[in-house]
Amino acid sequence: MLKLCAPIAGLVLNALTGIWLARRRNGLLRSLVAGFLAGLAVALFLLLAGDGSASAGSRAAAGLTYLALGYVYFHFVNMGETARRIRLLRELLAAPPGGFTGAELKARYPAREIVRRRLQRLLNNGQVILADGRYRLGPRPVMYWITLVIMAWKRMLFGSGWNGDGTFERLDGEAGNE
Amino acid sequence: MKVLGYGLGLFLAALLAHILIWRLRRPARRIRVLCLLFPVFLAAGLAWLPGRFGLPGLAPSDYLEVILLDLSLAAAYLVTYPALEVESPSMLLVLMVGRAGRAGLDPADPERDLDDRRLVEPRLKDLERSRLVVCRDGCYRLTPAGRRFVGIFVGYRNLFRPEGGG
């Protein structure tokens, strides 16, 4: 039973630690990473110190479950902070009763701002560096490698619809991106 | 090892089915189909496979562990999937920089290439298609579903604010 509880207990501690640290004015990313590690430590402790009858495979399964749950949780919090859809919905939540026109929405959340914020984040994390007035990849461009993997997965899933330059025109206008 | 084997095996089988379906005939309601695909494979696999074809049986507690592992992996894939369908600005940026190579990317290029038409308008269309937003008389408003949806994120986001949100 402990094998089943370990990932859940880890996730709960992950969330509580992250919230507690963020409210004490630590950065959000730092709080989330610390929360994730605290949850991992608890999950591992429960798995290793608890049920002696658990096999290595069963412990590995529980560990993998925690990693997956931790990833989902991180993604959920991150979505609330950075996803464009959520940001547009938040703007509309604060809109007057008549709502906003497309132009008003774009003025409140312009592409220019989206690009600047993300570039700044990439610079802050060392994924991109600015040298001699030009952007180049940082020394350990993990984000670039992840992007290449996602591009390869896209090509495998969508085949010819993929136009190869980071865009995916053929899906535009298709319903189903709920 | 059997919990890991069943959990990973059923997840990978559903993933393979997902790839085949998407290559043969991409469904119109892709997220909905994906949300069904993983639990259907899990339920069918657990109902049919244990103790057959030389595979080991599962104790009742093993079933719960397999279900938790499989659904956690499926959830991880599901939250990543939208990044496959839409253009993520961060990924586009890092790709532009990567493709510029040693010569580097002119700082003016991203703002010129990634404009409202590419980054904002498709997201607004998505929101309309998902019925989270409605456009009437040229004005966008939240639907009740949109209000509930964004409320979850706003509420949770407020938990992280030192002043308790607002």
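Visitor: With which residues is Arg84(A) in contact, leaving aside its neighbours within four places in sequence?
Guide: In this predicted model, Arg84(A) has its place in helix H4 of chain A, residues 84-93. Within chain A, its contacts include Tyr109(A), Ile114(A) and Arg118(A). From chain B, the residues in contact with Arg84(A) are Val86(B), Glu87(B), Ser88(B), Pro89(B), Leu119(B) and Arg123(B).

Visitor: Is Arg84(A) buried or exposed?
Guide: A residue counts as buried under 20% relative accessible area. The relative accessible area of Arg84(A) is 8%. Arg84(A) is therefore buried.

Visitor: What is the order of the strands in the open sheet of three strands?
Guide: The open sheet takes strands from chain A and chain B, and its pairing is antiparallel. Strand E1 of chain A (100-101) and strand E1 of chain B (133-136) each have a single partner strand, so these two stand at the edges and one side of each lacks a neighbour in the sheet. The order is E1(A)-E2(B)-E1(B).

Visitor: Over how many bridges do E1(B) and strand E2 of chain B pair?
Guide: Strand E2 of chain B covers residues 139-142, and its pairing with E1(B) is antiparallel. Within this pair, Val134(B) stands opposite Arg141(B) in E2(B). The number of bridges between E1(B) and E2(B) is four.

Visitor: Is Asp137(B), in the loop between E1 and E2 of chain B, buried or exposed?
Guide: Asp137(B) is a residue other than glycine, yet its phi is positive, near 50°. Its relative accessible area is 77%, and the cut-off for an exposed residue is over 50%. Asp137(B) is therefore exposed.

Visitor: Which residue of E3(A) stands opposite Val128(A)?
Guide: Strand E2 of chain A, residues 128-131, pairs with strand E3 of chain A, residues 134-137. The two strands run in the antiparallel sense over four bridges. Opposite Val128(A) in E3(A) stands Leu137(A).

Visitor: Which residue takes a positive phi in the hairpin of E2(A) and E3(A)?
Guide: The hairpin has two residues between its strands. The residue in question lies in the loop between E2 and E3 of chain A and is not a glycine, although its phi is about 55°. At 74% relative accessibility it counts as exposed. The residue is Asp132(A).

Visitor: In what order do the elements of chain B run from the N terminus on?
Guide: Chain B has nine helices and two strands. The two strands follow one another, with a helix after them. From the N terminus on, the order is α-α-α-α-α-α-α-α-β-β-α.

Visitor: What is the radius of gyration of chain B?
Guide: For a compact globule of 166 residues, the value would be near 15 Å. The C-alpha trace of chain B spans about 60 × 45 × 40 Å along its principal axes. The radius of gyration of chain B is 22 Å.

Visitor: What percentage of the residues of chain B count as buried?
Guide: Chain B exposes about 8,300 Å², of which carbon and sulfur atoms supply 63%. Among its contacts between residues at least 6 apart in sequence, 52% join residues at least 24 apart. Of the 166 residues of chain B, the buried share is 46%.

Visitor: How many Å apart are the mean positions of the positive and negative charges of chain B?
Guide: Chain B has 23 positive and 16 negative charges. The mean position of each group is compared with that of the other. The distance between them is 8 Å.

Notes:
Residues numbered from 1 in each chain as written. Chains lettered and ligands numbered in written order. Predicted model: local features only at pLDDT ≥ 70, side-chain atom pairs only at ≥ 80, totals over all residues. Heavy atoms only, no water. Pairing = 2+ DSSP bridges. Rg over C-alpha atoms; globule rule 2.2 N^0.38 Å. Buried < 20%, exposed > 50% of the residue type's maximum accessible area, 1.4 Å probe, protein only. Contact = heavy atoms within 4.5 Å. Areas by Shrake-Rupley, 256 points an atom, 1.4 Å probe, with all protein chains shown as cover. Lys, Arg positive; Asp, Glu negative; His and termini not counted. Charge placed at Lys NZ, Arg CZ, Asp CG, Glu CD.
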